[in-house]
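Here are my notes on this model. They cover the domain split, the interface and the ligand site.

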Amino acid sequence: MTLAGKTAIITGSNSGIGLGVARELAKAGANVILNSFTDNDEDHALAASIGEEFGVEARYIKADMSKGEECRALIEQAGGCDILVNNAGIQHVSPIDEFPVEKWDAIIAINMNSTFHTTAAALPGMRERGWGRIVNIASAHGLTASPFKAAYVAAKHGVVGMTKTVALETAQEPITCNAICPGYVLTPLVEAQIPDTMKEYNMSRDEVVKNVMLTRQPSKEFATVEQLGGTAVFLCSDAAAQITGTTISVDGGWTAL
Ligand code: NAD
């Protein structure tokens, strides 16, 4: 399976799932563009190290996915792309009547609106190149809900809906658009919500991991960033050319419950 000569942009990829997806795409031969809202030496060094490890071109472009114009500028600065992975995302856990408005706005902007802006900016280039893959990292929370995650669940359901619409708009072109719906993956995003969940449920860390997070995941195991990356590589393969407008769950059986 080679993606040699393809260029992939992965939003929110200096950590967690985005970084895992970028590494697997690079391993499959794609040139990769990493992104986040920071512009540190480490961000650029991370891209350089991936380039060196896998023998591909790799660079880092700073763009804040909470801002529509920066989402579009990312695609422009990259010179377009063949593969777009919409991955940037944040989380906040709170009952809806106490949900901070600025957190609601940020989650909707970063987790959902950015996908609209990057997709709109990337599609014309994919059409010119005659090939495209859009992979949206949604969530099990794009298919089902949990308490205290109103903004996240709303945003991820929105991404799943947008995925179907983009797939229909590109159905007769060599472009596909799909969503990957991970269950729990132990990344900094998940680590960060453990303290708030401990408070909400009055539980210890171990109890939150076992009884709240993995209680919904029948496999009782976290999914890994490598597994998410492998799924993205599959969606970019020829075997997946007729897979469009759908969701692939990587959730240890969560949504089968
Ligand atoms: P993470 O916190 O490790 O990574 C999030 C990435 O997004 C980071 O690179 C961060 O820098 C970037 N980011 C945050 N705000 C940004 C902004 N304004 N502009 C640009 N980049 C920004 O989290 P993760 O767990 O790797 O999550 C990645 C995606 O996977 C998210 O969309 C998340 O909702 C989704 N997801 C995660 C899990 C899980 O269990 N970890 C489960 C389902 C879905």
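1. A definition comes first: a polar contact is a pair of N or O atoms within 3.5 Å. The ligand's oxygen atoms can be read against that cut-off. An N or O atom in the side chain of Ser15 sits 2.7 Å from one ligand oxygen atom. Please keep in mind that this is a predicted model.

2. Two other residues belong in the same paragraph. Asn14 places a polar side-chain atom 2.6 Å from an oxygen atom of the ligand. Ile17 uses its backbone instead: a polar atom there is 2.7 Å from an oxygen atom of the ligand. On its own the ligand has 820 Å² of accessible area, and the protein covers 93% of this.

3. The wider ligand surroundings deserve a look. How many residues are around the ligand? There are 31, and Asn14, Ser15, Ser36, Tyr152 and Thr187 come nearest.

4. Now the domains. Domain 1 is built from two segments, 7–185 and 224–256. Domain 2 takes 186–222. Over C-alpha atoms, the centres of domain 1 and domain 2 are 23 Å apart.

5. Next, the domain interface. Contact involves 24 residues of domain 1 and 17 residues of domain 2. About 1600 Å² is buried between domain 1 and domain 2, with 56% of that from carbon and sulfur atoms. Which three residues supply most on the domain 1 side? Val93, Tyr184 and Val185 give 41% of the area that domain 1 buries against domain 2, more than any other three residues.

6. Last, the chemistry of that interface. The count of salt bridges between domain 1 and domain 2 is 0. Polar contacts are found for 6 residue pairs across the interface. The side of domain 1 that touches domain 2 has 11 nonpolar, 11 polar and 2 charged residues.

Notes:
Residues numbered from 1 in each chain as written. Predicted model: local features only at pLDDT ≥ 70, side-chain atom pairs only at ≥ 80, totals over all residues. Heavy atoms only, no water. Domains from an automatic or database assignment. Contact = heavy atoms within 4.5 Å. Buried area = accessible area lost by both parts, 1.4 Å probe. Salt bridge = Lys/Arg side-chain N within 4 Å of Asp/Glu carboxyl O. Polar contact = N/O pair within 3.5 Å; in protein donor to acceptor, adjacent residues only side chain to side chain. Nonpolar A, V, L, I, M, F, W, Y, C, P; charged D, E, K, R; others polar. Near = heavy atom within 4 Å. Areas by Shrake-Rupley, 256 points an atom, 1.4 Å probe, with all protein chains shown as cover.
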